[in-house]
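Welcome, and please open your viewer with the chain loaded. We will go from stop to stop, selecting a few residues each time and looking at what surrounds them.

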Amino acid sequence: MLADLVAGALEDAAERQTTRGLDQVESAALAVSPALDALAFLAPADQVKIIAEVKRASPSRGALAEITDPAALSARYAAGGASAISVLTEQRKFKGSLADLEAVRAAVDIPVLRKDFIATEYQVLEARAAGADLVLLIVAALDQPTLTRLHAFITQLGMTPLVETHDAVEVSRAVDLGARLVGVNARNLSTFELDRDLFGRLADRIPAGTIKVAESAVSTAADVAHYRAAGADVVLVGEALVTGDDPVTTLKEFLSV
């Protein structure tokens with residue numbers, strides 16, 4: 001599944017590049033306002049921090065929420081206490097777009113993450129041109145030379161890479177990279193099975209001074225508390241916010257742990 005998602009994202013990026021060339025997107029990326037310092041916004045604190053996600057659908061669950069106005073939803077997230085906003089821009093399975101990212105960037109004054117299957121510099125430049133402050137890099141999707149190159153490129157553009165891992169080997173690769181923001185995703189991107197305890201098993205492998213992000217398998221405040229107790233500085237939440245009755249109420253419950 002992960003290989004298919006990456007291949008589809010690359011096909012879609014190549015199609016966009018036929019109408020908006022590399023030079024064009026690079027010029028746009030260099031012209032936008034500088035990226036926000038996401039590490040400062042997500043720095044460890046007495047209270048857990050939340051990255052709230054704009055997520056319409058997923059390969060495992062299909063349609064989740066219509067979200068006709070991602071900017072309005074993100075503004076509510078920000079008002080409710082989110083430290084950053086994650087925007088799914090993958091269009092085939094997650095029904096997102098770069099237009100969503102642009103709209104969210106214009107609506108909030110906290111960092112915005114481009115969450116997609118990033119494997120090329122063109123996609124990174126697209127993220128910066130759309131106003132992203134963070135870019136997701138999935139270790140399982142990239143060989144180490146590509147991961148290293150893209151990590152450096154994202155940093156050179158003033159953005160922060162969120163380096164996502166799923167096992168001990170991937171955490172080691174992220175640490176070798178010098179990543180300062182490391183996520184552990186409880187969802188296996190090959191099988192889509194969830195393991196809420198994975199973060200706890202891997203957290204001690206992430207060095208002190210690195211911001212630790214727990215991703216997926218969050219339904220209730222108890223799940224957030226579970227991650228917090230295991231050492232998470234930040235929890236990324238998507239489905240629980242977009243499928244609940246009131247995302248702001250849910251977000252505040254999560255922040256209260």
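What volume does the largest cavity have? About 60 Å³. Keep in mind on this tour that you are looking at a predicted model.

**Stop 1: the cavity**

Select Ala9, Asp12, Arg16, Thr89, Glu90, Gln91, Arg114, Asp116 and Gln123, and you have the lining of the largest cavity. Now colour helix α1, residues 2-19: this helix gives the most to that lining, with three residues. A search of the whole structure for cavities of 30 Å³ or more finds one. Such a search works because rolling a probe the size of a water molecule over the atoms shows where empty space is left.

**Stop 2: strand β4 and its partners**

Next, select residues 84-88, which form strand β4. Is this strand mostly covered or mostly open? It is mostly covered, with five of its five residues buried. Show the side chains and look along the strand: Ala84, Ser86 and Leu88 point one way, while Ile85 and Val87 point the other way. Both sets are buried.

Add strand β1, residues 49-54, to the selection. β1 and β4 run parallel and are joined by four bridges. To find the register, look for Val54, which stands opposite Val87 of β4.

Then add strand β5, residues 112-115. Here too the strands run parallel, and four bridges join β4 to β5. Val87 serves as a marker again, as it stands opposite Arg114 in β5. Follow the chain onward from β4: it passes through helix α5, residues 98-107, on its way to β5, and this β-α-β crossover is right-handed. Arg114 should look familiar, since it is also one of the residues lining the largest cavity.

**Stop 3: the loop after β4**

Stay in the loop between β4 and α5 and select Lys95, which lies there. Most residues other than glycine have a negative phi. Lys95, though not a glycine, has a positive phi of about 60°. With a relative accessible area of 49%, Lys95 is partly exposed.

For another residue with a positive phi, jump to Ile67, which is found in the loop between β3 (62-63) and α4 (70-79). Ile67 is not a glycine either, and its phi is near 45°. This residue is buried, at a relative accessible area of 12%.

**Stop 4: aromatic pairs**

How many aromatic pairs does the structure hold? There are two.

Begin with Phe94 and Phe117. Their ring centres are 6.1 Å apart and their planes meet at 35°, so this pair is tilted. Phe94 sits in the loop between β4 and α5, and Phe117 in the loop between β5 and α6 (121-129), so the pair ties together parts that are 23 residues apart in sequence. Phe94 counts as buried at 9% relative accessibility, and Phe117 counts as buried at 7%.

Now move to Phe199 and Tyr227. With ring centres 5.9 Å apart and planes at 75°, this pair is edge-to-face, because planes over 60 degrees apart are classed that way. Phe199 belongs to helix α9, residues 198-202, and Tyr227 to helix α10, residues 221-229, so the pair ties together parts 28 residues apart in sequence. Phe199 is buried at 2% relative accessibility, and Tyr227 is buried at 1%.

**Stop 5: a long-range meeting**

Select Pro44, in the loop between α3 (38-41) and β1. Is Pro44 buried or exposed? At 54% relative accessibility, it counts as exposed. Leaving aside residues up to four places away in sequence, Pro44 touches Ile211 and Asp233. Try drawing a distance between C-alpha atoms here: those of Pro44 and Asp233 are separated by 5.3 Å, although the two residues are 189 residues apart along the chain.

**Last stop: the largest pocket**

Finish at the largest pocket, which has a volume of about 410 Å³. To centre your view, select Lys55, Lys115, Arg187, Ser216 and Glu239, the closest to the pocket's centre of the 29 residues that line it. Then colour β6 (134-138), β10 (234-237) and α11 (239-242), each of which supplies at least two residues of the lining.

Key. Residues numbered from 1 in each chain as written. Predicted model: local features only at pLDDT ≥ 70, side-chain atom pairs only at ≥ 80, totals over all residues. Heavy atoms only, no water. Buried < 20%, exposed > 50% of the residue type's maximum accessible area, 1.4 Å probe, protein only. Pairing = 2+ DSSP bridges. Right-handed = clockwise from strand over helix to strand, strands pointing away. Phe/Tyr/Trp six-rings, centres within 6.5 Å; stacked < 30°, edge-to-face > 60°. Contact = heavy atoms within 4.5 Å. 1 Å grid on protein atoms, 1.4 Å probe; cavity = no way out; pocket = protein on both sides within 12 Å on 5 of 7 lines; lining within 4 Å. Points joined across faces, edges and corners; volume = space filled by probe spheres on them.
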